[in-house]
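Student: I would like to learn how to read a few features of a protein model. Where do we begin?

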Amino acid sequence: MADLPDAGACYELLARMALIRRFEEEAGRQYQRAKAGGFLHLAIGEEATIVGTTSVMRDEDYLIGTYRTHGHAIARGTEPKRVMAELFGRVDGASGGRGGSMHIFDRERRFMGGYGIVGGNLPIAAGLALSSEYKGEDAVTVCMFGDGASNTGNFGETMNLAALWQLPVFFLVENNLYGMGTSVERHSAQTDLSKKAEGYGIPGERIDGMDVIAVREAVAEGIRQAREERRPTILEAFTYRYRGHSAADPEVYREREEVEEWVRKDPIETFARRCVEAGVLGEREVQEVRDKAEQQVKAAVEFADASPEPSLDSLYESLYVVDSAAGWYAVDERSPEPHRGEREEEMPEAARELAEAGAAYAGQPAAPRPDPAGKGDPVEGMEPEVAPEREEVED
Ligand SMILES: Cc1ncc(C[n+]2csc(CCOP(=O)(O)OP(=O)(O)O)c2C)c(N)n1
Ligand SMILES: [Mg+2]
């Protein structure tokens, strides 16, 4: 077992993990109260993998993750109140209230998301590393993704280019044993995910992702190789999410005993105990860490609650539109005349009308859905539906 670092570092590791845990418990509660919208994927149980990794990154390094990244942002230094405001869809959120739970983003801290497409963050990580290379920066890009993501085409393409171009990138698979409800044995022919990039020239290792110190040591070495030798490597960290895949998961694919077994290895409890037994931290400090987390999360909820919603006028701000695609919605090529929304000068007014129509529709689920291309008539084949119950929604 790797040695503990000094007391200050231990305190900081414990404090970060406790803060993330408390934050996510509260996020789950706020979601049930419908304060947070969209989808919610909690990483409760995975804190050691997250914090162990970020604790050895430099400020200049990039981190890119998945849709389960509230903790990653907080671990990188994004204020919890800005993450909570993002979940609430408010202007003071990390992404201005536009991203929600799956798209937390903090450029200043080089946290590049928050990404909803499984495996979609991998090529972006290679791109970030390539940009560092071009600019002659020392920065390393750390790319974290799930076991399920290792099956995507992006995985192979990214590994190939990362190795071929000797990019300063480091990969970490958060193997929580499932991709949604499918276990690794059922979704991957090669179940040793640390070997999965070997054929592309990227060696890997397996580590205990519930042990913050083990993660920290292994990641530090991976980052060092990426920075100093331009040698990308991959780490497979075994971890576990105590909660369902998302808030909508009935969890029929696993037994309660399995969850309980992992909870007994809880990364925060075991680390706190180890620090106390080694005399590095006192019981009083452990309690202080918990109290501080409680206060910070309470303040985050108050802040998020007080933050306003983005104005309707700002609905079309910060959107990226490819130049060649005139207008902002699919154009019906069969009719040559300009379609509503294609003339840019009409945009502000058209955007406002649509936003108001959308808001009216959301408030009256039984009303016919307005037709954005017409004058508000119902669209054929798009009969109004009643919004599904949150519990039934799958992503
Ligand atoms: C390209 C793509 N396919 C499918 C989905 C639906 N989906 C969302 S999460 C998920 C499971 C991914 O599992 P894993 O990579 O192990 O990450 P975890 O959720 O366990 O953190 C799937 C299939 C998606 N978002 N993107
Ligand atoms: Mg998984």
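Tutor: With a definition: a helix crossing is left-handed if the near helix is turned anticlockwise from the far one by less than a right angle, and right-handed if clockwise. Keep in mind that this model is predicted.

Student: Which hand does the crossing of H1 and H2 have?

Tutor: The crossing of H1 and H2 is right-handed.

Student: Which residues make the contact between them?

Tutor: From H1 come Leu13, Arg16, Met17, Ile20 and Arg21, and from H2 come Glu47, Ala48 and Val51. Sorted by class, this contact has 5 nonpolar, no polar and 3 charged residues.

Student: How is a pair of packed helices described?

Tutor: By the angle between the axes and the distance between the axes. Here the axes of H1 (residues 7-32) and H2 (residues 47-54) come within 10 Å and cross at roughly 135 degrees. H1 and H2 are therefore oblique to each other.

Student: What sign does phi have in most residues?

Tutor: Most residues other than glycine have a negative phi. Methionine 180 is not a glycine, yet has a positive phi of about 50 degrees. Methionine 180 sits in the loop between strands S4 (178-179) and S5 (182-183). Arginine 230, also not a glycine, has a positive phi of about 55 degrees; its loop runs between helix H8 (212-229) and strand S7 (234-238).

Student: Why does methionine 180 count as partly exposed?

Tutor: Because its relative accessibility is 31%, and partly exposed lies between the cut-offs of 20% and 50%. Of the protein's 395 residues, 46% count as buried.

Note on methods
Residues numbered from 1 in each chain as written. Chains lettered and ligands numbered in written order. Predicted model: local features only at pLDDT ≥ 70, side-chain atom pairs only at ≥ 80, totals over all residues. Heavy atoms only, no water. Axes fitted to C-alpha atoms, helices over the stretch in contact; angles between N-to-C directions. Helix = DSSP H or I, 4+ residues; strand = E, 2+ residues; numbered from the N terminus. Parallel < 35°, antiparallel > 145°, perpendicular 65-115°, else oblique. Contact = heavy atoms within 4.5 Å. Nonpolar A, V, L, I, M, F, W, Y, C, P; charged D, E, K, R; others polar. Buried < 20%, exposed > 50% of the residue type's maximum accessible area, 1.4 Å probe, protein only.
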